[in-house]
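This report walks through the fold of one protein chain, moving from a pair of strands to the whole and then to points of local backbone geometry. Please keep the sequence and the model at hand while reading.

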Amino acid sequence: MRRAGACVMGRRRWCLLVAVAVALSAAVGAGAQETCSGIVPAPPRRGAWVSVASFGGGAGDGRTLSTAAFQAAVASIERRRAPGGALLYVPPGVWLTGPFNLTSHMTLFLARGAVIRATQDTSSWPLIEPLPSYGRGRELPGGRYMSLIHGNGLQDVVITGENGTIDGQGSAWWDMWKKGTLSFTRPHLLELMNSSDVVVSNVVFQDSPFWNIHPVYCSNLVIRNVTILAPHDSPNTDGIDPDSSSNVCIEDCYISTGDDLIAIKSGWDEYGMAYGRPSSHITVRRITGSSPFAGFAVGSETSGGVEHILAEHLNFVSSGFGIHIKTNTGRGGFIRNVTVSDVTLDTVRYGLRIAGDVGGHPDDRYDRNALPVVDGLTIKNVQGQNIREAGSIKGIATSAFSRICLSNVKFNGGTPVRPWKCEAVSGAALDVQPSPCTELTSTSGMSFCTNSL
């Protein structure tokens, strides 16, 4: 039997490697529940292991800036090109840092008690080009601040650990937003661009300056067993926003933030239409959380198109909307073949909203005749209590929403739930409470609804 304290007696590195191996096995294991995590194969055994502490950074004292240490550690992984890649270990402690890039074939591993904490010195945040599918920063014209953890054109990246924390210290950025003193669009906590075979798991994200996790132009991505936290009054702190990305799996997460918990996007107006990359084949499963906005959302930036979406086993409390699917005139694009199923809501203002009049425009050059197509949406097995309003389904007069199916959707409240409101929509409703709109009771939409069930 190995005696207690052996790790302290010269075998600390061996014990750390064992702990990392156990955590990584948990990160990639799917368990007995239905899962989509197999879209990304288990990463190869990393051929090298480095600690950020070996590159300086004040030993995680929370005061010394560690940006150079993270940058040097990633650069060493890139130069080393070890078989199977390398693991960057973040030990317990608070590692204050500015933004840094990841590289391919690497694992960023946060030990229990490790905190990667963003500096609040905005001069430490580089500016990067706007996304081509947005044409400008999402908040302001021009560039945008680089995300705290960033990567572009990467393959085989894992961000995981023992539930260590990535802390954006977003309050300084939120204050600038509230005071109108921002010069450029705020940074995300994690943004990966043009990347594939990515796993993010067993990490806590908190207090992001802007959206928390933003994969854009990515494919084969798994996000599971992640916790995302921000105050309900923190502006635009979306949880996970897959954007013009495909083959995405989001599972088993707890999210409580100041904006949409999950929002699927695909570019903004004329820029998104020109870029033309849809978000497709995305599964969202077993998400629990709370938000003053939506639990599950599509849009409103959907100009590249959104299709083949499955969201199921969702549980939202104390939220503005349970389900919010949103677009606008000038967006173009499409939202089609979306299924949302097995949803439980408690103390939510609007159970469901599907809307064609949500969101602003990047500039005055958008095409007012670019109308979105919304077709083939199935919302089923949704139960809500303490619901104020059932919700609304309002299409665009010159581009009506079609084949909208509601089945076994029941909302109850302490007082009578306000009725549905519908315009420019066709489809069918089966076993819906309160009674559905007349627009969804015609027999013409019934065949799609019964077939989709």
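How many bridges join E19 to E21, and do these strands run parallel or antiparallel? Nine bridges join E19 to E21, and the two strands run parallel. One position at which this pairing can be inspected is Glu251, which stands opposite Arg285 in E21. The model in which these features are read is a predicted one.

## Overall dimensions and surface

The protein chain contains five helices and 28 strands. Its C-alpha trace spans about 75 × 55 × 40 Å along the principal axes. For a chain of 453 residues, a compact globule would have a radius of gyration near 22 Å, and the 23 Å found for the protein chain agrees with that expectation.

Of the 453 residues, 58% count as buried, while the chain as a whole exposes about 17,100 Å², of which carbon and sulfur atoms supply 51%. Among contacts between residues at least 6 apart in sequence, 77% join residues at least 24 apart. The chain carries 38 positive and 37 negative charges, and the mean positions of these two sets are 7 Å apart.

## A run of parallel pairings from E11 to E21

Strand E11, residues 155-161, is joined to E14 by four bridges, and the two run parallel; within this pairing, Val158 has Val199 of E14 as its bridge partner. Strand E14 itself, residues 196-201, is mostly covered, with six of its six residues buried. E14 is in turn joined by five bridges to strand E17, residues 219-224, again in the parallel sense, and here the bridge partner of Val198 is Leu221 in E17. Strands of a sheet pair through backbone hydrogen bonds, either parallel or antiparallel.

From E17 the pairing continues to E19 through five parallel bridges, with Ile223 and Ile250 of E19 as one pair of bridge partners. Strand E18, residues 227-229, also pairs with E19 in the parallel sense, over three bridges, and Leu229 stands opposite Ser256 in E19. Strand E19 covers residues 246-256, and because nine of its eleven residues are buried, this strand is largely enclosed by the rest of the structure.

## The open sheet of E5, E10, E13 and E16

Four strands form an open sheet in the order E5-E10-E13-E16, with parallel pairing. Strand E5 (100-101) and strand E16 (213-216) stand at the edges, each with a single partner strand, so one side of each is left without a neighbour in the sheet.

The pairing of E5 with strand E10, residues 149-152, is parallel and rests on two bridges. In this pairing, Phe100 has Ile149 of E10 as its bridge partner.

## Ile282 and its surroundings

Ile282 lies in strand E21, residues 279-290. Is Ile282 buried or exposed? Ile282 has a relative accessible area of 0% and is therefore buried, the cut-off for that class being under 20%.

Leaving aside residues up to four places away in sequence, Ile282 touches Pro242, Ser245, Val248, Ile264, His308, Ile309 and Leu310. As a further reference distance, the C-alpha atoms of Ile282 and Gly135 are separated by 25 Å, with the two positions 147 residues apart along the chain when counted as sequence separation.

## Local backbone geometry

Most residues other than glycine have a negative phi, and most peptide bonds are trans. Against that background, a cis peptide bond joins Gly299 and Ser300, with omega about 5°, and Ser300 lies in the loop between strand E22 (294-298) and strand E23 (306-326). A cis peptide bond also joins Gln433 and Pro434, with omega about -5°; Pro434 belongs to the loop between strand E28 (425-433) and helix H5 (446-452).

Arg403, although not a glycine, has a positive phi of about 50°. This arginine lies in strand E26, residues 401-411, and counts as partly exposed because its relative accessibility is 36%. Asp431, which is also a residue other than glycine, has a positive phi near 60°, and its place is in strand E28.

Definitions and conventions: Residues numbered from 1 in each chain as written. Predicted model: local features only at pLDDT ≥ 70, side-chain atom pairs only at ≥ 80, totals over all residues. Heavy atoms only, no water. Rg over C-alpha atoms; globule rule 2.2 N^0.38 Å. Buried < 20%, exposed > 50% of the residue type's maximum accessible area, 1.4 Å probe, protein only. Contact = heavy atoms within 4.5 Å. Areas by Shrake-Rupley, 256 points an atom, 1.4 Å probe, with all protein chains shown as cover. Lys, Arg positive; Asp, Glu negative; His and termini not counted. Charge placed at Lys NZ, Arg CZ, Asp CG, Glu CD. Pairing = 2+ DSSP bridges.
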